[in-house]
Amino acid sequence: MNVTVFGTGYVGLVQGAVLANAGHNVVCVDVDSHKIERLKEGHIPIYEPGLESLVKENYSEGRLDFTTDATQAVIHGDIQFIAVGTPPDEDGSADLKYVLAVAETIAQHMDRHQIIIDKSTVPVGTADKVKARIAETLASRGRADLTFDVVSNPEFLKEGSAVADSQKPDRIIIGTDSEHAEEVMRELYAPFNRIHEKIIVMDVRSAELTKYAANCMLATKISFMNEMANLAERLGADIEMVRQGIGSDPRIGYHFIYPGVGYGGSCFPKDVQALIQTAEGIDFDAKVLKAVEARNYEQKTTLFQKIQGHYGNELKGKTFALWGLAFKPNTDDMREAPSRVLMEALWQAGAKVQAYDPEAMEETQRIYGNRDDLALCGTKEAALKGADALIIVTEWKSFRAPDFALIKQQLNQPLIFDGRNLYEPKRMTKKGFTYYSVGRS
């Protein structure tokens with residue numbers, strides 16, 4: 001099938017590359033000409049395992065192309081994906097200006113029946129707005145005779161495993177009331193639906209809410225475990241033992257119940273806020289979602305509070321080695337990252353940071369520029385030299401089994417603040433470290 005994808009971010013680029021790899025002819029559209037030229041040269045703007053090779057292979061074999069020419073892109077596609085950003089507005093609601101701009105662009109250039117797919121994470125009712133914008137634009141062209149379907153097809157990709165998630169999806173949600181659109185969508189996703197039935201067809205509004213409900217449920221699990229961790233510290237319990245105890249219950253499971261320093265990224269914070277705003281718009285008090293957001297906001301400050309408590313609020317002139325800048329492993333994404341809250345608090349208190357992350361160094365440089373109180377180090381070992389303590393914020397695999405003798409040698413004091421519970425407290429005590437973790441007294 002001929003497929004057009006508007007947007008070359010995490011969702012659009014991954015979706016386009018994976019569909020091309022399955023045999024479809026895909027054109028990805030973006031307004032950023034520099035980005036498009038870089039993609040044609042094989043430069044991927046994001047770090048996502050497996051994506052670079054997938055893009056290069058399918059581009060070289062002619063199944064995947066990139067363009068800024070919206071006219072030709074719309075003409076190319078039998079299906080038009082909208083996969084542009086929906087950034088939070090000032091009140092936390094999803095800003096739909098990019099989605100509606102793409103809808104208008106499609107309507108300006110379409111010359112036959114089109115299936116327009118909302119792939120972006122959008123609030124309930126967005127499909128109605130997209131329909132209205134397309135109908136209005138077609139009418140202004142004098143082409144109200146052209147027909148179209150708007151389908152909700154939310155993505156469920158995890159940064160760091162987005163390619164694998166797209167190639168082997170757990171479920172494929174299709175929101176439509178059109179038999180024709182459903183048939184075409186089934187054909188599109190047939191290569192991903194061979195082993196067992198993954199497609200779930202529902203009405204459009206239910207599909208739109210499904211995406212938000214899924215992300216808010218996962219965010220709730222994280223905030224709940226962080227609340228339990230805070231209780232465990234004060235009650236003399238070990239949250240890691242509690243985690244194993246409740247995770248063994250199949251009704252709960254082990255996923256998303258790891259305590260830490262809060263969730264970040266492009267999805268959970270934005271989607272929780274957006275659903276709260278949706279609820280406000282229909283005069284419903286989303287008490288659970290508000291509590292999830294509040295706990296996460298506070299959780300991002302807990303590591304700094306432990307550091308502050310250890311030093312008796314005397315942080316001026318201290319230097320800290322920081323391992324992990326991205327909001328999670330296997331990505332360079334620092335949107336809403338706990339590391340940012342921590343670093344900014346340390347700087348405000350007069351401390352310096354020597355930071356290392358396997359992938360997020362360029363992004364950190366882009367966000368913060370050159371600062372006297374920030375040194376970006378080439379290795380995790382280099383970040384340790386002369387620091388007063390080590391702080392772990394992101395659970396990269398390369399941090400799980402370090403050379404503790406070297407850490408002890410390089411630090412001014414054998415002191416670790418572990419925001420991800422990577423090490424065993426008793427073992428760290430035996431090695432001579434003062435060790436702070438999450439939810440373990």
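**Exercise 1. Salt bridges**

How many salt bridges does the structure hold? Work through three pairs and place each one in the fold.

*Solution.*

Step 1. The model is predicted. The structure holds 28 salt bridges.

Step 2. Recall the principle. Side chains of opposite charge can pair when their charged atoms come close. The cut-off for a pair is a side-chain nitrogen of Lys or Arg within 4 Å of a carboxyl oxygen of Asp or Glu.

Step 3. Take Asp30 and Lys35. Their closest N and O atoms are 3.9 Å apart, so the pair passes the 4 Å cut-off. Asp30 has 14% relative accessibility and counts as buried.

Step 4. Take Glu104 and Arg133. The closest N and O atoms of this salt bridge are 3.2 Å apart. The pair links distant parts of the chain, with Glu104 in helix 5 (residues 97-109) and Arg133 in helix 6 (residues 126-141), 29 residues apart. Glu104 is partly exposed at 29% relative accessibility. Arg133 is partly exposed too, at 25%.

Step 5. Take Asp128 and Arg205. Their side chains meet in a salt bridge at 3.0 Å, N to O. This pair also links distant parts of the chain: Asp128 sits in helix 6, Arg205 in helix 9, and 77 residues separate them. Asp128 is partly exposed, with a relative accessible area of 39%. Arg205 is partly exposed, with 45%.

Step 6. Look for a network. Asp78, Asp111 and Arg112 are joined into one by salt bridges that share partners.

**Exercise 2. Two serines**

Are Ser152 and Ser223 buried or exposed? Find what each one touches, leaving out residues up to four places away in sequence.

*Solution.*

Step 1. Place Ser152. It belongs to strand 6 (residues 148-152).

Step 2. Judge its cover. Ser152 has a relative accessible area of 2%. The limit for buried is under 20%, so Ser152 is buried.

Step 3. List its contacts. Beyond its sequence neighbors up to four places away, Ser152 touches Asp118, Ile173, Ile174, Gly175, Val204, Ala207 and Glu208.

Step 4. Repeat for Ser223. This residue is in helix 9 (residues 204-235). At 4% relative accessibility, Ser223 is buried. With residues up to four places away set aside, Ser223 touches Tyr263, Val292, Arg295 and Asn296.

**Exercise 3. A third serine**

Where does Ser33 lie, and how many residues separate Ser33 from Thr67 in sequence?

*Solution.*

Step 1. Ser33 lies in helix 2 (residues 33-40).

Step 2. Its relative accessible area is 46%, and Ser33 is partly exposed.

Step 3. Ser33 and Thr67 are 34 residues apart in sequence. In space, their C-alpha atoms are 7.9 Å apart.

**Exercise 4. Positive phi**

Start from the general rule: most residues other than glycine have a negative phi. What phi does Asp283 take, and what phi does Asn421 take? Are these residues buried or exposed?

*Solution.*

Step 1. Asp283 is not a glycine, yet its phi is positive, about 60 degrees. Asp283 is in the loop between helix 11 (268-281) and helix 12 (287-299). At 74% relative accessibility, Asp283 is exposed.

Step 2. Asn421 is not a glycine either, and its positive phi is about 50 degrees. Its loop runs between strand 13 (415-418) and helix 18. Asn421 has 11% relative accessibility and is buried.

Step 3. Add a glycine. Gly350, just after helix 14, takes a positive phi of about 95 degrees.

**Exercise 5. The cover of helix 14**

Which residues of helix 14 are buried, and what covers them?

*Solution.*

Step 1. Helix 14 spans residues 338-348. Its buried residues are Pro338, Ser339, Leu342, Met343, Ala345, Leu346 and Trp347.

Step 2. Sort the cover by element type. The helices include helix 13 (302-310) and helix 15 (361-368). The strands include strand 9 (319-323), strand 10 (352-356), strand 11 (374-376) and strand 12 (389-392).

**Exercise 6. A charged patch**

Which residues gather in a patch of positive charge on the surface?

*Solution.*

Step 1. The patch gathers Lys426, Arg427, Lys430 and Lys431.

Step 2. Locate one member. Arg427 is in helix 18 (residues 425-430).

Technical notes
Residues are numbered from 1 along each chain as its sequence is written. This is a predicted model: local features need pLDDT of at least 70, side-chain atom pairs count only at pLDDT 80 or more; totals for chains, interfaces and linings use all residues. Side-chain values use heavy atoms; hydrogens and water are left out. Patches are made of residues with over 30% relative accessible area and no salt bridge: like charges are joined within 9 Å, nonpolar side chains (Val, Leu, Ile, Met, Phe, Trp, Tyr) within 5 Å. Accessible areas come from the Shrake-Rupley method with a 1.4 Å probe; for residues, only the protein chains shown count as cover. Lys and Arg count as positive and Asp and Glu as negative; His and the chain ends are not counted. The place of a charge is taken as NZ of Lys, CZ of Arg, CG of Asp or CD of Glu. Helices (H or I, at least four residues) and strands (E, at least two) are DSSP runs, numbered from the N terminus. Buried means under 20% relative accessible area, exposed over 50%, partly exposed in between (1.4 Å probe, protein chains only). Contact means heavy atoms within 4.5 Å.
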